[in-house]
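Me: Could you take me through one part of this model slowly, and then show me how other parts are packed? I am in my first year, so please explain each term as you use it.

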Amino acid sequence: MIYFTIVEVSIVILIIGTVIFMFLFTLNLIDDYKCRKSIVLNSHTFYRAFSKIKSKKKRKAIYAVYDFCRYADDLVDEYKDEARLNKLEKDLVKHKSGFYVHSYRFRSLKRHTYHLYDANDYQAFFDMIKGQKMDLHNRTYETLDDLLDYSYHVAGTVGLMLVPILAYKEKKELRAFAINLGYAMQITNILRDVGEDFKQGRVYLPKEMIKSANYSLQDLEKGIINEAFIKLFESLASIAEKYFDQALNDINLFPLDSRKPLAYAIILYRAILDACRSSDYDVFSKKNFVSDKQKMQIIKTYEKESLT
């Protein structure tokens, strides 16, 4: 029979403990890297804005939330996979209840956000998944209210997820801010992607507003850009810009360290509308964007005006 001394046993335990610690430490690094990579590759605007946040904990939490939302969005836009979307929803139920989910996304969410969310905060996650399912089954929207309901589910919810990270103490007061900014950003997305969405069989422009502008679905199919389309575009753009303005006016409700990154996100996203205008409203044959040079100039101008 082989006997081990207390010292030998202690050394073995120390080695095993060190190996486990290094494994978990490395796993955490890999998880965080994947989340950061997701936002870097898929949203230069959001990354440019939120990477300015000084708190590393807040940045990691934001990247984890972004990656979760991006994955849900990709399941619909790229794969049309409702089965995996349903599995994501079931995994979210487990995560909310405190159970371990074998996925880097849920590990990152648990590590960086679990302490920030209460039971009610998770409703935004479930509503976002519901919004993704709307994209699988709803192809048109009748009224502006219908569109705003959809925009809440796919974009306003994301704002509600981020508020506890950016302003935990003020999250109740900032609920309207989050939802309204979601309206603005989603309407901007819709206007930028009119042509691309139509190719996928989706028409987000409300039928009521299309008719009011004397435009038609036949015009939309042909990619016609005329006075009627410009009127339709500007009608929706003005609604988005109203919500952007409101968000900028309410930016001081956030803690000081979150104000500037949020302001950057707002002004850079709003600039997409001007990019569409500069392209003579061609949102059919190309995807309009704001160049890095333009983004730097927009930020510089905003900073200068903020000092006056």
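How many of the 10 residues of helix α5 (residues 104-113) are buried?

Reply: The model is a predicted one, in which local features need pLDDT of at least 70 and side-chain atom pairs count only at pLDDT 80 or more, while totals for chains, interfaces and linings use all residues. Residues are numbered from 1 along each chain as its sequence is written, and side-chain values use heavy atoms, with hydrogens and water left out.

Eight of the 10 residues of α5 are buried, so this helix is largely enclosed by the rest of the structure. Here a helix is a DSSP run of H or I with at least four residues, numbered from the N terminus, and buried means under 20% relative accessible area, against over 50% for exposed and partly exposed in between, with a 1.4 Å probe and protein chains only. The buried residues of α5 are Y104, R105, F106, R107, S108, L109, H112 and T113.

Turning to how helices pack, α7 (residues 144-166) and α8 (residues 175-192) meet at an angle of about 125 degrees, with 7 Å between their axes. Such axes are lines fitted to C-alpha atoms over the stretch in contact, and the angle, from 0 to 180 degrees, is taken between N-to-C directions. The two helices are therefore oblique to each other, given that angles under 35 degrees count as roughly parallel, over 145 as roughly antiparallel, 65 to 115 as roughly perpendicular and the rest as oblique. Among the residues in contact (heavy atoms within 4.5 Å) are L147, Y150 and V154 from α7, and A178, I179 and Y183 from α8. By class, this contact has 13 nonpolar, five polar and one charged residues, where Ala, Val, Leu, Ile, Met, Phe, Trp, Tyr, Cys and Pro count as nonpolar, Asp, Glu, Lys and Arg as charged, and the others, Gly among them, as polar.

Helix α8 also holds N180, which counts as buried at 14% relative accessibility. Leaving aside neighbours within four places in sequence, N180 is in contact with Y243 and Q246.

A second buried residue to look at is I272, found in helix α13 (residues 256-278), which has 6% relative accessibility and therefore counts as buried. With neighbours within four places set aside, the contacts of I272 are T188, R192, N288 and V290. From I272 to F254 there are 18 residues in sequence and 24 Å in space, C-alpha to C-alpha. F254 is instead one of the residues that F177 touches, together with A247, D250, I251, L262 and I266, not counting residues up to four places away in sequence.
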